[in-house]
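This report describes selected features of one protein model, beginning with a single residue and moving on to charged pairs and internal space.

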Amino acid sequence: MLETVIGVILLITYLAFIVYAAKGGNLMLGLFVMAVLWSGLGFLGGAIDWPTINSTIFDGGPTGFGSTAVYIIFGSWFGRVLIDTGIAGTIIRKAVELGGDKPGLTCILLCIVTAAIFTTSYGPGAVVAIGVIVFPIMLSLGIPKPLACGSFVMSVGCGLYFNQSLLTQAAGSMVIGEEQYQIGPDWYQFAAVAFVIHFVSIVLMVILTSKGGKKKAHAWAASAGADASTKNVGLLGCLTVLLPVTLSIALGINQVPAICLSVLWALIFTGNLKSWNKIAELVQKTFHDGVADVGLVLGFLMFLQMFVKAAGSCKDLLAPIVSPILPSSPFALFLVFGVLGFLALYRGPLTIWGAGIATFAIVAGATNLPLSILYPLFYIPCCTVTTNVCPTQSWNMWAIGYTQVSVKDFMRQVLPYALPCAFILEMVAYFMFAA
């Protein structure tokens, strides 16, 4: 009887956290409070003992996230290297030249470049640094502000199906016991399909929204927005963008050595390997900036890990209550997640970057489904909706502010494309991972 009462209280606090997250509450502090509450309630219900609270939840949670934090830092560093060596700027300028005086085509080409960059780069700093180049070009071409903002942030999200930093970040959050999902060939096959479907949704948005611009634009004017004074990088240098993913998929090289090799490649083919002092200065500056870019992200994730461990420890108290109302088949789960993708907005119950981490613990405990099914089930809404278009995502918030678009206009622009995309990907994921 006591266990049932405790389980109900856990669900009430879970619903309260959803409301708190949706209203824009500080998630770092909110997750810490939830970890304390669920640890205490789990202790009262007999599901958690003191050694678990002391060692597993509040110490083991953050410290166990160490390797994933390293991947995030290196991904952010790589993004800064692409920017400071001129690689990102060169690729953007070439896209503008190729698009000529056609605003819609130029917008699509810039989206391709952005998506390619964020298959490997990570962090709000990298998004901002690319955005301040891309947005002036789009706006100088007469592309409507909501379309410029929406197409850019959706292009960032498009690359994240391959992005090792976000993939390992999600895997480190969705843990069952000590088991963690391993990114492998099956995921990369899905990522390729997801990338294409996601990008098609961006192209449709550009085609259906763009009216050819409000004024006549010229390629030279757009190029000015791309910082034409910066020296162009050669083709081999530009290939750096795709190198970490290629090394990981084709040769099985792990993320950190793949990024280090890619940085060395970038230094060689951008002419930055001539002086030891200049190498040291560039590496030190980009690493410093990369860490600074993701400092708050890492803080959020450390507190998230405390709650992850607490929620996982309480699953036996929640399973008897939740199991009868959960869909009984994997297909039904994927269908429900696809239809209710909007619940990943505003840190809601379907995003692991918010209240959804408790949903994961509940679903994992009640269904006993393997991580090979649960990982794609939960990753899609958190990537395709939360990081892709949610206004609470830091870089989306920055893009909305930079382009001076209202949140209402932004949501009207992106949701008709992002939500169907999430639904389609859930269905594709079911047939690729669970059928």
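## Contacts, salt bridges and a cavity

Apart from neighbours within four places in sequence, Val175 is in contact with Gln180 and Phe360. The model is predicted. Val175 belongs to strand 1, residues 175–176. With a relative accessible area of 18%, Val175 is buried, because buried means under 20%. In space, the C-alpha atoms of Val175 and Gln305 are 9.8 Å apart, although 130 residues separate the two in sequence.

Salt bridges were sought over the whole structure, and three were found. The table gives each pair with its N to O distance.

| Basic residue | Acidic residue | N to O distance |
|---|---|---|
| Arg80 | Asp293 | 2.8 Å |
| Lys285 | Asp84 | 3.0 Å |
| Lys285 | Asp289 | 3.0 Å |

In the salt bridge between Arg80 and Asp293, Arg80 comes from helix 5 (residues 66–84) and Asp293 from helix 16 (residues 276–293), so the pair ties together parts that are 213 residues apart in sequence. Both partners are buried: the relative accessible area is 16% for Arg80 and 17% for Asp293.

A salt bridge also joins the side chains of Lys285 and Asp84. Lys285 lies in helix 16 and Asp84 in helix 5, so this pair ties together parts that are 201 residues apart in sequence. Lys285 is partly exposed at 43% relative accessibility, and Asp84 is partly exposed at 30%. Lys285 forms a salt bridge with Asp289 as well; these two residues both lie in helix 16, four residues apart, about one turn of the helix. Through shared partners, Asp84, Lys285 and Asp289 are joined by salt bridges into one network.

Internal space is considered next. One cavity of 30 Å³ or more is counted, and the largest cavity holds about 70 Å³ of space. Its lining consists of Thr119, Thr120, Asn163, Gln164, Ser165, Pro244, Val245, Ser248, Gln255 and Ile259. Two or more lining residues come from each of helix 10 (164–173), helix 14 (243–251) and helix 15 (255–269). Helix 14 gives the largest share, three residues. By class, the lining has three nonpolar, seven polar and no charged residues.

Helix 15 also contains Ser262. Ser262 is buried, with a relative accessible area of 0%. Not counting residues up to four places away in sequence, Ser262 touches Phe78, Thr240, Leu243, Pro244 and Leu247. Pro244, one of these contacts of Ser262, is also one of the residues that line the largest cavity.

Definitions and conventions:
Residues are numbered from 1 along each chain as its sequence is written. This is a predicted model: local features need pLDDT of at least 70, side-chain atom pairs count only at pLDDT 80 or more; totals for chains, interfaces and linings use all residues. Side-chain values use heavy atoms; hydrogens and water are left out. On a 1 Å grid over the protein atoms alone, a cavity is a set of points where a 1.4 Å probe fits but cannot get out, and a pocket is an open set with protein on both sides within 12 Å along at least five of seven lines; lining residues have an atom within 4 Å of a point. Grid points are joined across faces, edges and corners, and a volume is the space filled by probe spheres set on the points. Ala, Val, Leu, Ile, Met, Phe, Trp, Tyr, Cys and Pro count as nonpolar, Asp, Glu, Lys and Arg as charged, and the others, Gly among them, as polar. Buried means under 20% relative accessible area, exposed over 50%, partly exposed in between (1.4 Å probe, protein chains only). Contact means heavy atoms within 4.5 Å. A salt bridge is a side-chain nitrogen of Lys or Arg within 4 Å of a carboxyl oxygen of Asp or Glu.
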